[in-house]
Amino acid sequence: MTSTTAELEALLMQRSLTDAQLLEAADAAADFRILPNATVLKIGGQSVIDRGRAAVYPLVDEIVAARKEHKLLIGTGAGTRARHIYSIAAGLNLPAGLLSQLGGSVADQNAAMLGQLLAKHGISAVDGAGLSSVPLFLAEVNAVVFSGMPPYKLWMRPAAEGVIPPYRTDAGCFLVAEQFGCRAMIYVKDENGLYTENPKTSRNATFIPKISVDEMKAKGLQDSILEFPVLDLLKNARHVREVQVVNGLVPGNLTRALAGEHVGTIITAS
């Protein structure tokens, strides 16, 4: 069913916001992509930033070179320090919303550090309301750094089990890509991509170059390379219908992925 703007407005004025006909009409409304030429990169906290200079400096150089041809929104993960603070806060029986705030503070620190390393190239780190200036940064210098943790804070939806925030930096970066209608979402980690088992601990791990969300869940791999909620976000997305996971410790991988090459693992919505 294709609804006119007038029909949709009439439904919004007359019906509940959960009304089936209203939801169908809203779903049929035309989509508008805000930043269709931009790519979101998620730089892993534990997998990249926590490794320090040896891992981060080459990646910084690659980002600086890549921004000559690509518009980049660079999100940061939280990493080991967040895991440590989660352990302390969970031991104190604090709620998921507070853990979300604490984890966000670590992702903020990583964004600040990465922003300082890129500052001499004119690339700034923004947070909170500063995200409204992202189009200006992209227009001027083709890149901007942001903290990957979604700002749910005390409003974080509790997980089905435990108090670890279910929506963390993988999800936060994907949501930025989807809401801005970006062209691609690339996760920069320390593995070549998705495997059948943890390649760090299993010799029998087999690399998977491409897989769908449903196939990942069927194989029990839903929490093996990305945060579990990302799969459902991807499945329901309108704009970003696949994500790519690459090994940022291998020089050139990010550049190749940005150029559209099939590097690492591609996970598709369907």
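**Pockets, cores and domains**

In this predicted model, the lining of the second largest pocket splits into 10 nonpolar, 9 polar and 3 charged residues. The space inside this second largest pocket comes to about 480 Å³. Its lining is made up of 22 residues, and those closest to the pocket centre are Gly128, Ser147, Met149, Pro150 and Pro151. Three elements hand over two or more lining residues here, namely helix 5 (96–118), strand 4 and helix 7. Helix 5 is the top contributor to the lining of the second largest pocket, with 5 residues.

Then there is the largest pocket, with a volume of about 1100 Å³. A set of 42 residues lines the largest pocket, and Arg83, Arg168, Asp170, Ile225 and Glu227 sit closest to its centre. Sorted by class, the lining of the largest pocket holds 18 nonpolar, 11 polar and 13 charged residues. At least two lining residues each come from helix 4 (80–91), helix 7, strand 6 (194–195) and helix 9. Helix 7 thus turns up in the lining of the largest pocket as well as in that of the second largest pocket.

On to the interior. The largest nonpolar core counts 37 residues, and Val40, Leu73, Met185, Val243 and Ile267 have the most contacts inside it. Quite a few elements chip in with two or more residues: strand 1 (38–43), strand 4 (143–147), strand 5 (184–189) and strand 9 (242–247) on the strand side, and helix 6 (134–141), helix 7 (169–179), helix 8 (213–218) and helix 9 (228–235) on the helix side. Helix 7 again stands out, giving this core its largest share, 5 residues. As a general point, nonpolar side chains in soluble globular proteins tend to be buried together.

What does Leu73 touch, leaving aside its neighbours within four places in sequence? Leu73 is in contact with Leu35, Ala38, Thr39, Val40 and Leu41, with Val134, Leu138, Val144 and Phe146, and also with Val176 and Phe180. Val40, one of these partners, is itself among the residues with the most contacts inside the largest core. Besides this one, a second, separate core of 26 residues includes Leu118, Ile186, Leu258 and Val263.

At the level of the whole chain, the domain assignment gives domain 1 (1–28) and domain 2 (37–268). The C-alpha centres of domain 1 and domain 2 are 35 Å apart.

Methods:
Residues are numbered from 1 along each chain as its sequence is written. This is a predicted model: local features need pLDDT of at least 70, side-chain atom pairs count only at pLDDT 80 or more; totals for chains, interfaces and linings use all residues. Side-chain values use heavy atoms; hydrogens and water are left out. A nonpolar core is a set of buried Ala, Val, Leu, Ile, Met, Phe, Trp, Tyr and Cys residues joined through side-chain atoms within 4.5 Å. Buried means under 20% relative accessible area, exposed over 50%, partly exposed in between (1.4 Å probe, protein chains only). Helices (H or I, at least four residues) and strands (E, at least two) are DSSP runs, numbered from the N terminus. Contact means heavy atoms within 4.5 Å. Domain bounds come from an automatic or database domain assignment. On a 1 Å grid over the protein atoms alone, a cavity is a set of points where a 1.4 Å probe fits but cannot get out, and a pocket is an open set with protein on both sides within 12 Å along at least five of seven lines; lining residues have an atom within 4 Å of a point. Grid points are joined across faces, edges and corners, and a volume is the space filled by probe spheres set on the points. Ala, Val, Leu, Ile, Met, Phe, Trp, Tyr, Cys and Pro count as nonpolar, Asp, Glu, Lys and Arg as charged, and the others, Gly among them, as polar.
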